[in-house]
Every structure is written in structure tokens, then in C-alpha cells.
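Me: I am new to this structure and would like a close look at a single part of it. Please take one residue as the starting point and work outwards from there.

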Amino acid sequence: MKKLILLFIAVFALSVSSDAQRISANRAPGKKITNVKLPNMKNKICNLTDFVGKGKKKVVLIDFRATWCGPCMREMPNVKVAYDKYHRSGFNVVGISFDEDADRWKSTVKKNKWNWIPLSDLKGWNCAAGCPRWARSPTRSSPLQRCTS
């Protein structure tokens, strides 16, 4: 039984390690962004690469959040201040939501006047831009952990 448990732990550790290495390699400085296709609030499919790169805004913040994530929502006023202040100078935000409730997501975007690019396929953690399984918080009430590392 102990050997079986140790084998399980070893396999789990290797899978986490390989996920982390693959993700780290894809997110290294100087690497091109990985394209993700997600619908906007009008259900038009958008490529993440449509908003970054040559001829686009100079700086793009890709903001991962969800309306049910308290720490995420507390940070949004700061994102809005930065967007409002620097958008005309070449700053943009692409908001990728891990929501599942379309009405809640859309009403939150409208109510808070987030005028940047909101994207979500409303699949929660199974979102096309979703975090790897080792990066998820244990509960919906916890902040997203290590999603962008």
C-alpha cells in the first residue's frame, strides 16, 4: 500500500512539474503570446492575437478574473483607473473571465463601465484560456493562485 501511495505521489509530482515547465517555457520573456479564441459579449469569436502585436496598442494587460472572485473584483477599480488614464497613450486591457453565468458577467461589465475588451466562453475553469489544474485555487472563494506565473 505504501508503494502504491508513493507511486501515486511521484506520478502526480511529475505531471505537475511537466505542466509547470511547459507553461513557463511558453510564457518566457520575448516569447510570442499563445493565441486563444474566445467570444466577446456579442458572441463574436475573437483571437487574443488580434489585440497584441505589430500595429496594435503598445501595452496590453491581459486580465484574468471572475465575478465570483473577491480579490479579483477588488482589484478592478485599479485596472479601470489605469485604463482610463493611459488608454489614449496606447494602453489596452483584454479581460478574460472565468465566469459561467452570462447575465452576471455581462451586467458586471456594463455596471462597472469596463470599456476594454471583455472575453469569455462562460466555461469557468474549462475556459479556452483556463489555468492548468495545478494553478487553480481550492475553492471558488479563494483568489486565483499562480495563474499568470
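Which backbone oxygen does the side chain of Ser-120 reach? Please describe the surroundings as well.

Reply: The model is a predicted one. In it, the side chain of Ser-120 reaches the backbone oxygen of Ser-97, at 3.0 Å. That side chain also reaches the backbone nitrogen of Leu-122, again at 3.0 Å. Ser-120 sits in the segment after strand 5. With a relative accessible area of 2%, Ser-120 is buried, because buried means under 20%. Leaving out residues up to four places away in sequence, Ser-120 touches Leu-38, Pro-39, Ser-97, Asp-99 and Trp-105.

To place this residue, here is the overall layout. The protein has three helices and five strands, and along the sequence they follow the pattern α-β-β-β-α-β-α-β. Of its 149 residues, 36% are buried. Among contacts with a separation of 6 or more, 62% are between residues 24 or more positions apart.

Strand 5, which precedes the segment holding Ser-120, belongs to an open sheet of three strands in the order 3-4-5, with parallel pairing. Strand 3 (59-65) and strand 5 stand at the edges of the sheet. Each of these two has a single partner strand, so one side of each is left without a neighbour in the sheet. From one strand to the next, the twist averages 20°. In general, the strands of a sheet pair through backbone hydrogen bonds, in either a parallel or an antiparallel way. Here, strand 3 and strand 4 pair in the parallel sense over seven bridges. One residue to look at is Asp-63, whose bridge partner in strand 4 is Gly-95. Helix 2 (residues 70-86) packs on the sheet, where it touches strand 3 and strand 4. The direction of helix 2 makes about 155° with that of strand 4.

Asp-63 also takes part in a salt bridge: its side chain meets that of Arg-65 at 3.0 Å, N to O. Asp-63 is buried, at a relative accessible area of 11%, and Arg-65 counts as buried too, at 1%. The count of salt bridges comes to two. Another joins the side chains of Asp-84 and Lys-80, at 3.0 Å, N to O. These residues are four apart in helix 2, which means that about one helical turn separates them. Asp-84 is partly exposed, with a relative accessible area of 46%.

Now back to the segment after strand 5, which also holds Trp-125. The structure has five aromatic pairs. One of them is formed by Phe-98 and Trp-125, whose ring centres are 5.3 Å apart. Their planes stand at 35°, so this pair is tilted; the stacked class requires planes under 30 degrees apart, and the edge-to-face class requires over 60. The pair links distant parts of the chain, 27 residues apart. Phe-98 lies in the loop between strand 4 (91-97) and helix 3 (102-111), and Trp-125 lies in the segment after strand 5 (117-119). Phe-98 is buried, with a relative accessible area of 0%. Ring pairs also tie Phe-98 and Trp-125 to Phe-64 and Trp-68, so that the four form a cluster.

Another aromatic pair is made by Trp-114 and Trp-116. Their ring centres are 5.8 Å apart and their planes stand at 15°, so the pair is stacked. Both residues are buried: Trp-114 has 7% relative accessibility, and Trp-116 has a relative accessible area of 5%.

One more residue belongs to helix 3, namely Ala-102. Ala-102 is partly exposed, with a relative accessible area of 24%. The C-alpha atom of Ala-102 is separated by 8.6 Å from that of Met-41, although the two residues are 61 apart along the chain.

To return to the starting point, Ser-120 is a buried residue whose side chain reaches the backbone oxygen of Ser-97 and the backbone nitrogen of Leu-122.

Methods: Residues are numbered from 1 along each chain as its sequence is written. This is a predicted model: local features need pLDDT of at least 70, side-chain atom pairs count only at pLDDT 80 or more; totals for chains, interfaces and linings use all residues. Side-chain values use heavy atoms; hydrogens and water are left out. Rings of Phe, Tyr and Trp (its six-membered ring) pair if their centres lie within 6.5 Å; planes under 30 degrees apart count as stacked, over 60 as edge-to-face and the rest as tilted. Buried means under 20% relative accessible area, exposed over 50%, partly exposed in between (1.4 Å probe, protein chains only). Two strands pair if DSSP finds at least two bridges between them. Axes are lines fitted to C-alpha atoms, for helices over the stretch in contact, and angles run from 0 to 180 degrees between N-to-C directions. Contact means heavy atoms within 4.5 Å. A salt bridge is a side-chain nitrogen of Lys or Arg within 4 Å of a carboxyl oxygen of Asp or Glu. A polar contact is a pair of N or O atoms within 3.5 Å; within protein, one must be able to donate a hydrogen and the other to accept it, and residues adjacent in sequence count only if both atoms are side-chain atoms.
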